[in-house]
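Grab a pencil and open your viewer. Below is a set of short exercises, each with a solution worked out step by step.

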Amino acid sequence: SLESAETYHIQIATPNFENAQQIVKDSTLTQTRFSTDLEVKSYQWRVRGENSGYVTKYSIQDFTIED
């Protein structure tokens, strides 16, 4: 969680945002937990905190779903 964040903007791309073949999720959340079903492949997610006056920089992480 991030102090003063009212919502979180999360995006998931495959294989990453620089070479995105697909943005598989683009959601605004009010909680710090998120769950979704994804296919077996490589992804990159990014999330930022938002409130009525500000947005943070995206925090980015690579991950892979394996069979």
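What follows starts with the whole chain and then moves to single spots.

**Ground rules**

This is a predicted model, where local features need pLDDT of at least 70 and side-chain atom pairs count only at pLDDT 80 or more, while totals for chains, interfaces and linings use all residues. Residues are numbered from 1 along each chain as its sequence is written, and side-chain values use heavy atoms, with hydrogens and water left out.

**Exercise 1. Work out how many helices and strands the protein chain has, and describe its overall build.**

Step 1: Count the elements. Helices (H or I, at least four residues) and strands (E, at least two) are DSSP runs, numbered from the N terminus. The protein chain has 0 helices and 4 strands, so read from the N terminus the order is β-β-β-β.

Step 2: Box it in. Along the principal axes, the C-alpha atoms take up roughly 40 × 25 × 15 Å.

Step 3: Check burial. Buried means under 20% relative accessible area, exposed over 50%, and partly exposed in between (1.4 Å probe, protein chains only). Of the 67 residues, 19% count as buried.

Step 4: Look at contacts, meaning heavy atoms within 4.5 Å. Among contacts with a separation of 6 or more, 45% come from residues 24 or more positions apart.

**Exercise 2. Find the aromatic pair and decide: stacked or edge-to-face?**

Step 1: Search the whole structure; 1 aromatic pair turns up. Its rings belong to Tyr 43 and Phe 63, with centres 5.4 Å apart and planes at 20°.

Step 2: Apply the cut-offs. Rings of Phe, Tyr and Trp (its six-membered ring) pair if their centres lie within 6.5 Å; planes under 30 degrees apart count as stacked, over 60 as edge-to-face and the rest as tilted. At 20°, the pair of Tyr 43 and Phe 63 is therefore stacked.

Step 3: Place the partners. Tyr 43 is in strand β3 (residues 42–50) and Phe 63 in strand β4 (residues 59–64), so the pair ties together parts 20 residues apart in sequence.

Step 4: Compare burial. Tyr 43 has 3% relative accessibility, so it is buried; Phe 63 has 22%, so it is partly exposed.

**Exercise 3. Which rings does Arg 46 lie over?**

Step 1: Use the rule: a charge sits over a ring if NZ of Lys or CZ of Arg is within 6 Å of the ring centre and within 35 degrees of the ring normal.

Step 2: Read off the rings. Arg 46 lies over the face of Phe 17, 4.0 Å from the ring centre. The charged end of Arg 46 also sits over the ring of Tyr 58, at 4.6 Å from its centre.

**Exercise 4. Is Glu 50 buried or exposed, and what does it touch?**

Step 1: Locate Glu 50: strand β3.

Step 2: Take its relative accessibility, 15%, so Glu 50 counts as buried.

Step 3: List the contacts, skipping residues up to four places away in sequence: Ala 5, Glu 6, Thr 7, His 9 and Val 55.

Step 4: Cross-check from Ala 5, which lies in the segment before β1. Leaving aside neighbours within four places, Ala 5 contacts Gly 49 and Glu 50. At 23% relative accessibility, Ala 5 is partly exposed.

**Exercise 5. Describe Val 24 and its surroundings.**

Step 1: Val 24 belongs to strand β2, and its relative accessible area of 23% makes it partly exposed.

Step 2: Beyond four places in sequence, Val 24 touches Ile 12, Ala 13, Thr 14, Leu 38 and Tyr 43.

Step 3: For a spacing check, the C-alpha atoms of Val 24 and Gln 11 are 7.6 Å apart, with their positions 13 residues apart along the chain.

**Exercise 6. Spot the backbone oddities at Pro 15 and Ser 4.**

Step 1: Thr 14 and Pro 15 are joined by a cis peptide bond, with omega about -5°. Pro 15 lies in the loop between β1 and β2 (22–29).

Step 2: Ser 4 is not a glycine, yet its phi is positive, about 75°. Ser 4 is in the segment before β1 and is exposed, with a relative accessible area of 51%.
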